[in-house]
Amino acid sequence: MQQFDYNEMLETIIAKDERYPREAYHFVREGLDFTQNKMSRMSGTKGPRHVTGRELTDGLRQYALEAYGPMARLLLSEWGISKTEDFGEIVFNMVEHELLAKTDEDTRDDFSGGYDFEDAFRKPFLPLDPAASLADSAKRNITPVADSDNDRSGQPSEPEASDKQ
């Protein structure tokens with residue numbers, strides 16, 4: 001079996017297809033590992049298993065949100081990734097250079113028509129809708145405790161006189 005240098009193969013891929021930088025390929029590789037490990041834990045199996053394009057796009061979304069938080073969308077954009085089809089292009093570039101494997105059923109179309117990046121990477125970090133927040137408060141029906149100090153100014157209040165000594 002012929003030895004290969006992963007970084008050397010990436011250089012070959014990038015020279016052939018300049019749409020995505022090295023970081024995009026590293027992200028997809030790390031996201032694949034993340035997805036395989038997560039799916040193995042969920043199924044109770046040991047070791048990585050094959051994941052479909054749909055499973056991988058969802059895993060890449062989860063990985064990006066966990067690893068990069070609110071910066072995920074910006075970083076993916078910097079790396080030329082703006083739709084799930086870009087994940088497919090990166091995966092199949094790696095498959096064509098034998099950095100990843102595929103089954104006969106796997107195609108680029110598996111990555112088509114996935115989630116909207118705005119919804120997937122920006123919305124989880126937006127403030128709650130004020131109307132929804134008011135509705136939530138109304139549902140909880142929060143009322144002050146009887147005989148509690150209704151002054152919510154944060155200023156100390158004068159103690160009330162007591163008949164007890």
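Tutor: Let's begin with a definition: contact means heavy atoms within 4.5 Å. Keep in mind, too, that this is a predicted model.

Student: Thanks! What share of the contacts with a separation of 6 or more comes from residues 24 or more positions apart?

Tutor: In this protein chain, such residues account for 65% of those contacts.

Student: How many helices and strands does the chain have?

Tutor: There are seven helices and zero strands. Going along the sequence, you meet the pattern α-α-α-α-α-α-α.

Student: And how do I read the way two helices pack?

Tutor: Two packed helices are described by the angle between their axes and by the distance between those axes. Here, take helix α1, residues 6-16, and helix α2, residues 22-43: they pack at an angle of about 125°, and their axes are 10 Å apart. Since angles of 65 to 115 degrees count as roughly perpendicular and those over 145 as roughly antiparallel, α1 is therefore oblique to α2.

Student: Is that crossing left-handed or right-handed?

Tutor: The crossing of α1 and α2 is right-handed. On the α1 side, the contact is made by Tyr6, Asn7, Leu10, Glu11, Ile13 and Ile14. On the α2 side, look for Arg22, Tyr25, His26 and Arg29.

Student: What kinds of residues are these, nonpolar, polar or charged?

Tutor: Five residues of this contact are nonpolar, two are polar and three are charged.

Student: Stepping back, what percentage of the whole chain is buried?

Tutor: Of its 165 residues, 30% count as buried. The accessible surface of the chain comes to about 11600 Å², with 51% of that belonging to carbon and sulfur atoms.

Terms used: Residues are numbered from 1 along each chain as its sequence is written. This is a predicted model: local features need pLDDT of at least 70, side-chain atom pairs count only at pLDDT 80 or more; totals for chains, interfaces and linings use all residues. Side-chain values use heavy atoms; hydrogens and water are left out. Axes are lines fitted to C-alpha atoms, for helices over the stretch in contact, and angles run from 0 to 180 degrees between N-to-C directions. Helices (H or I, at least four residues) and strands (E, at least two) are DSSP runs, numbered from the N terminus. Angles under 35 degrees count as roughly parallel, over 145 as roughly antiparallel, 65 to 115 as roughly perpendicular and the rest as oblique. A crossing is left-handed if the near helix is turned anticlockwise from the far one by less than a right angle, and right-handed if clockwise. Ala, Val, Leu, Ile, Met, Phe, Trp, Tyr, Cys and Pro count as nonpolar, Asp, Glu, Lys and Arg as charged, and the others, Gly among them, as polar. Buried means under 20% relative accessible area, exposed over 50%, partly exposed in between (1.4 Å probe, protein chains only). Accessible areas come from the Shrake-Rupley method with a 1.4 Å probe; for residues, only the protein chains shown count as cover.
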